[in-house]
Amino acid sequence: MAGIADEVNELNPDVSVVICTRNVEADIESCIRSVENNRPKEILVIDGRSTDKTLEILDYLKIPYISDGGRGLAHARKLGVDNTTGRM
């Protein structure tokens, strides 16, 4: 099953979605599925050093992620903007 990051929709071909996370294993899959329903160009997760199963779930869903090294939400947002190719 390919992730939405591999698809481009005619309606939102330039839209990128950045999701900042930390220890959200209970909610991350439903969050990703909800975003996928809007068919953005890409989804990128910026993780704040999760210690639960958040990253395992992202791997299973084939969603790319980057660690922000635990530097906080502002840094995570900037890292997301700097590492996406579409409009925010």
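These are my notebook entries on a predicted model.

**Entry 1: overall layout**

I began with the secondary structure. I found three helices and three strands in the chain. Along the sequence they follow the pattern β-α-β-α-β-α. I then looked up burial for the chain. Of its 88 residues, 33% count as buried. Next came sequence separation in the contacts. Among contacts with a separation of 6 or more, 68% are between residues 24 or more positions apart. I also noted the surface. The chain exposes about 5,400 Å². Carbon and sulfur atoms supply 49% of that area.

**Entry 2: the core**

Which residues make up the largest nonpolar core? I listed ten residues in all. The isoleucines are Ile 19, Ile 28, Ile 32, Ile 43, Ile 57 and Ile 63. Val 35, Val 45, Leu 58 and Leu 61 complete the set. I checked which elements supply this core. Helix α1 (28–36), strand β2 (42–47) and helix α2 (54–61) each give at least two residues.

I took Ile 57 as one core member to follow up. I set aside its neighbours within four places in sequence. Ile 57 is then in contact with Glu 25, Ile 28 and Glu 29. Ile 28 is itself part of the core. Glu 29 came up again in the next entry, as a salt-bridge partner.

**Entry 3: salt bridges**

How many salt bridges does the structure hold? I counted three. I went through them by helix.

In α1, the side chains of Glu 29 and Arg 33 meet at 3.5 Å, N to O. These two residues are four apart in the helix, so about one helical turn separates them. Arg 33 also pairs with Glu 36, at 3.0 Å, N to O. Arg 33 and Glu 36 are three residues apart in α1, again about one turn.

Are the partners in α1 buried or exposed? Glu 29 is partly exposed, with a relative accessible area of 35%. Arg 33 is partly exposed too, at 25%. Glu 36 has a relative accessible area of 13%, so I logged Glu 36 as buried. Through shared partners, the salt bridges join Glu 29, Arg 33 and Glu 36 into one network.

The remaining pair is in α3 (residues 73–82). There the side chains of Lys 78 and Asp 82 meet at 2.7 Å, N to O. Lys 78 and Asp 82 are four residues apart, about one turn of the helix.

**Entry 4: the two sides of α3**

I stayed with α3. Which of its residues are buried? I found Ala 76, Leu 79 and Gly 80. They cover an arc of only 100 degrees around the axis, so they sit on the same side of α3. What covers them? The cover includes β1 (16–21), β2 and β3 (65–67). Strand β2 also supplies residues of the core in Entry 2.

I turned to the face away from the buried side. That face carries the exposed residues Ala 74, Arg 77 and Lys 78. Lys 78 is the partner of Asp 82 from Entry 3.

**Entry 5: cysteines**

How many disulfides are there? My search of the whole structure found zero. I looked up the accessibility of two cysteines as well. Cys 20 is partly exposed, at 29% relative accessibility. Cys 31 is also partly exposed, at 29%.

Definitions and conventions
Residues are numbered from 1 along each chain as its sequence is written. This is a predicted model: local features need pLDDT of at least 70, side-chain atom pairs count only at pLDDT 80 or more; totals for chains, interfaces and linings use all residues. Side-chain values use heavy atoms; hydrogens and water are left out. A nonpolar core is a set of buried Ala, Val, Leu, Ile, Met, Phe, Trp, Tyr and Cys residues joined through side-chain atoms within 4.5 Å. Buried means under 20% relative accessible area, exposed over 50%, partly exposed in between (1.4 Å probe, protein chains only). Contact means heavy atoms within 4.5 Å. A salt bridge is a side-chain nitrogen of Lys or Arg within 4 Å of a carboxyl oxygen of Asp or Glu. The arc is that of the directions from the helix axis to the C-beta atoms. A disulfide is a pair of cysteine sulfur atoms within 2.5 Å. Accessible areas come from the Shrake-Rupley method with a 1.4 Å probe; for residues, only the protein chains shown count as cover.
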